[in-house]
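Me: I have a model open here and want to go through it with you. Can you take my questions as they come?

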There are 2 protein chains.
Amino acid sequence: MSVTIRDVARLAGVSVATVSRVLNASAPVREATRARVLEVAKQLRFSPNTAARTLSRQRAGALGVILPDLYGEFFSELLRGIDQEAQRANHSLLVSSSHHDSRGIGAAVRAMRGRVDGLMVMAPDVEAPLLADVLPHGVPTVLLNGPSVDADVHEITVDNFGGARAMTRHLLSIGHARIGFIAGAACNHEARERERGHHAALREAGVAIDPTLEVRGDFSEDGGWRGARELLARVPQPSVIFAANDAMAVGALSALREAGIAVPGDVAVAGFDDIPVARFLNPPLTTVRVGIAALGERAASLLLSALAERSPPGAAPRRAVLPAELVIRDSCGAPSGGSSRLPTRSASRARSTTLRNR
Amino acid sequence: MSVTIRDVARLAGVSVATVSRVLNASAPVREATRARVLEVAKQLRFSPNTAARTLSRQRAGALGVILPDLYGEFFSELLRGIDQEAQRANHSLLVSSSHHDSRGIGAAVRAMRGRVDGLMVMAPDVEAPLLADVLPHGVPTVLLNGPSVDADVHEITVDNFGGARAMTRHLLSIGHARIGFIAGAACNHEARERERGHHAALREAGVAIDPTLEVRGDFSEDGGWRGARELLARVPQPSVIFAANDAMAVGALSALREAGIAVPGDVAVAGFDDIPVARFLNPPLTTVRVGIAALGERAASLLLSALAERSPPGAAPRRAVLPAELVIRDSCGAPSGGSSRLPTRSASRARSTTLRNR
DNA sequence: CGTCCCGATGTAAACGTTTTCATCCCTTCG
DNA sequence: CGAAGGGATGAAAACGTTTACATCGGGACG
């Protein structure tokens with residue numbers, strides 16, 4: 001069927017071992033032999049069968065990524081970061097998405113068994129114990145933005161709590177008293193953290209938490225659109241709508257536009273994530289920068305280094321928290337001083353939770 | 001190290017063959033034996049090593065995807081469609097991105113050898129002969145939106161020419177005489193097709209092609225921003241800016257806003273792709289719907305069916321062209337009759353190139 | 001009652017690599 | 001001049017599956 005190392009060996013008049021040695025530079029080979037083997041290999045367009053190599057080497061040179069979804073810029077950015085780092089380290093990437101429950105994740109994990117050396121799992125809406133149950137034993141795993149799992153699993157998250165708190169503080173500081181909040185799904189861990197941060201800032205400022213100013217979305221544009229419509233019906237209207245992610249902020253902006261409400265003149269808007277399109281919106285979106293691609297990169301690099309160390313089973317898993325920083329643009333009505341096209345204008349007030357590794 | 005089929009066999013008191021038969025339901029096994037094996041397998045948390053299985057079965061149950069990039073909503077939508085279809089057919093997905101030249105693609109192709117049963121390659125900026133050179137022999141391949149390659153390769157594309165022509169016709173029909181065009185990179189096949197469509201519509205309408213009304217972008221928001229700035233400097237100003245993709249249209253909208261120009265009042269804007277965020281923009285973007293996720297789905301399903309047939313080497317490769325249809329929203333100033341939030345409002349005039357399979 | 005077939009199982013040979021071990025020969029040093 | 005070492009190679013054993021082939025009962029049918 002397909003050309004194997006045996007064919008190369010035969011045509012070059014050497015043993016398969018020698019061919020392997022030439023191709024992997026794993027042992028000295030006489031120059032003349034080397035040249036002959038390479039010549040034949042090239043001519044035959046030989047490329048080693050990865051499955052066989054994986055089996056023999058007991059490592060696949062590939063990483064697995066399991067995501068809850070693949071819709072919107074967030075995931076493409078994340079994947080981009082992961083891919084970049086993986087490629088740097090000469091690793092392939094297996095991607096599997098649309099896994100919301102632990103059953104689905106379990107299936108994806110099994111499908112990857114033996115294909116990958118390590119796993120990155122993002123499962124914000126699965127409860128920790130359920131998740132721990134389906135994660136594989138013996139395969140190094142990095143959990144992204146999930147609830148803390150009590151297993152031998154590395155974890156990397158964004159400071160969702162701190163970011164949301166910083167945003168609400170900022171909104172209060174520029175005079176917004178009534179903040180409408182569009183939360184994410186109740187079962188989503190990230191959404192809950194952001195909600196918590198928002199509440200913390202309100203409490204700290206002595207502002208009463210008004211349940212009528214909070215509606216629940218689902219991190220989608222449509223959810224944001226619906227949430228904004230609901231909030232606009234309140235009397236008195238909120239002076240700003242803080243959406244728990246940028247996609248919902250996009251939906252909110254759209255709803256406000258349809259209702260003929262000026263942003264930020266009549267009602268301001270803020271988001272969370274700083275997806276790439278945020279700065280190009282109309283008006284440019286004030287949001288919390290997460291550094292999505294960087295998060296992906298860090299996750300991959302964390303996994304790769306865990307792999308490299310061949311960490312003993314007893315070694316403590318690593319945790320890292322990436323800072324989330326405020327990005328003030330036009331949509332919140334803060335004096336931002338000039339054109340908003342500059343890439344970032346991070347408020348130094350953002351609680352810059354530095355990376356902590358333990 | 002890890003638990004193998006041998007361990008299961010030993011504990012269940014049967015041979016490995018029986019275990020394999022139970023797990024794959026590939027031959028009748030006595031019910032009692034079956035139950036015992038299943039019990040042991042579950043208890044041991046056994047899951048078969050995919051590399052070994054791949055080697056033995058001579059098929060991986062995985063598809064490879066090679067993309068030029070992973071930035072923006074276009075690719076995440078595409079990947080979403082592919083993933084969905086692959087998952088439906090119980091296949092894993094290998095993704096490799098950031099491959100702009102044939103060398104990079106060749107490397108990615110080699111990395112996938114033996115890991116995947118088939119390949120989907122998107123390489124709009126690689127010339128056909130170079131591409132044909134690095135595509136693998138003997139691995140079924142689907143080329144997405146690329147130039148037609150003279151090799152044993154299936155192809156699926158969007159009707160870029162027809163879509164762009166329909167848009168320009170539409171813009172002319174609603175009274176836009178001076179159409180500013182932000183093209184894509186000259187080396188990008190899709191960009192060239194769209195440019196060709198635009199020109200064809202102009203010629204058909206007897207409108208002279210004015211080179212000062214065409215600038216070159218790169219399919220990025222920033223490129224669109226710069227392109228729009230350039231076009232705004234022309235005297236007289238164009239009455240509409242047609243960006244060759246939505247990302248550039250987003251950038252153009254942003255530039256217009258900064259310049260204090262009303263859209264569509266002073267200058268209208270149109271895009272191409274209908275990325276998900278397009279209908280939520282301010283104003284909602286008139287564009288050409290490509291059905292990105294559907295494209296991905298179709299590509300995967302094309303590949304899967306080619307795989308299923310175990311097509312003989314002589315079989316003619318399949319080609320499919322997906323229609324691109326006009327979506328009129330507010331940004332172009334056409335009377336669109338009401339709120340633009342309805343998911344689609346496709347002009348029936350869109351040349352609905354139906355799928356043609358041969 | 002013998003033969004044939006089929007259901008249930010085991011044995012062992014693939015699959016295509018890498019890698020250990022062994023072999024051979026040549027150099028170098030005592 | 002002999003022994004030791006090392007460079008270049010080959011043979012063969014892994015790696016963990018699937019599967020062709022063989023074996024062995026037992027029931028049906030002549």
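Me: Which element gives the most to the surface near DNA strand C?
Reply: That is α2(A), with six residues. Helices here are DSSP runs of H or I with at least four residues, strands are runs of E with at least two, and both are numbered from the N terminus. This is a predicted model, where local features need pLDDT of at least 70, side-chain atom pairs count only at pLDDT 80 or more, and totals for chains, interfaces and linings use all residues. Residues are numbered from 1 along each chain as its sequence is written, while chains are lettered from A and ligands numbered from 1 in the order in which they are written.

Me: Which residues come nearest to DNA strand C?
Reply: Of the 30 residues around the strand, Ile5(A), Ser20(A), Ser56(A), Ala17(B) and Pro28(B) come nearest. A residue is near a molecule or strand if its C-beta atom, placed from the backbone, lies within 6 Å of it.

Me: And which elements give two or more residues there?
Reply: α2 (16-24) and α4 (50-57) of chain A, together with α2 and α4 (50-57) of chain B.

Me: How does that surface divide by class?
Reply: Into 15 nonpolar, eleven polar and four charged residues. Ala, Val, Leu, Ile, Met, Phe, Trp, Tyr, Cys and Pro count as nonpolar, Asp, Glu, Lys and Arg as charged, and the others, Gly among them, as polar.

Me: Staying with chain B, at what angle do the axes of α2 and α3 cross?
Reply: At roughly 90 degrees, and the axes of α2 (residues 16-24) and α3 (residues 31-43) of chain B come within 10 Å. That makes α2(B) roughly perpendicular to α3(B), a label for angles of 65 to 115 degrees. The axes are lines fitted to C-alpha atoms over the stretch in contact, with angles from 0 to 180 degrees between N-to-C directions.

Me: Which residues make the contact?
Reply: Thr18(B), Val19(B), Val22(B) and Leu23(B) from α2(B), against Thr33(B), Arg34(B), Val37(B), Leu38(B) and Ala41(B) from α3(B). Residues are in contact if their C-beta atoms, placed from the backbone, lie within 7 Å. By class, this contact has six nonpolar, two polar and one charged residues.

Me: Now the two copies. What turn lays chain A on chain B?
Reply: A turn of 180 degrees with a shift of 0.0 Å along the axis, giving an RMSD of 0.1 Å. The copies are thus related as by a two-fold rotation axis. The superposition is by least squares on the C-alpha atoms of residues with pLDDT of at least 70 in both.

Me: How many residues does each chain put into the contact?
Reply: Chain A puts in 47 and chain B 48. On the side of chain A, α5(A) gives the most, with seven residues. That side has 17 nonpolar, 19 polar and eleven charged residues.

Me: Why say the copies meet through the same surface?
Reply: Because 100% of the interface residues of chain A are also interface residues in chain B.

Me: Different topic: is Gly251(A) buried or exposed?
Reply: Gly251(A) is buried, with 25 other C-beta atoms within 10 Å. The cut-offs are 20 or more such neighbours for buried, 12 or fewer for exposed, and partly exposed in between, with C-beta atoms placed from the backbone. Gly251(A) lies in helix α11 (residues 246-258) of chain A.

Me: What does Gly251(A) touch?
Reply: Leaving out residues up to four places away in sequence, Gly251(A) touches Glu221(A), Asp222(A), Gly223(A), Gly224(A), Trp225(A), Ala228(A) and Phe280(B).

Me: Backbone geometry next. Where is there a cis peptide bond in chain A?
Reply: From Asn282(A) to Pro283(A), with omega near -5 degrees. Pro283(A) is in the loop between β9 (268-270) and β10 (287-289) of chain A. In chain B, a cis peptide bond joins Asn282(B) and Pro283(B), with omega about 0 degrees.

Me: What is the phi of Arg45(A)?
Reply: Positive, about 55 degrees, although Arg45(A) is not a glycine. Arg45(A) sits in the loop between α3 (31-43) and α4 of chain A and is exposed, with 12 other C-beta atoms within 10 Å.

Me: And Asp273(B), buried or exposed?
Reply: Asp273(B) counts as buried, with 29 C-beta neighbours inside 10 Å. Asp273(B) has a positive phi of about 130 degrees although it is not a glycine.

Key:
Angles under 35 degrees count as roughly parallel, over 145 as roughly antiparallel, 65 to 115 as roughly perpendicular and the rest as oblique. Two residues are in contact if their C-beta atoms, placed from the backbone, lie within 7 Å.
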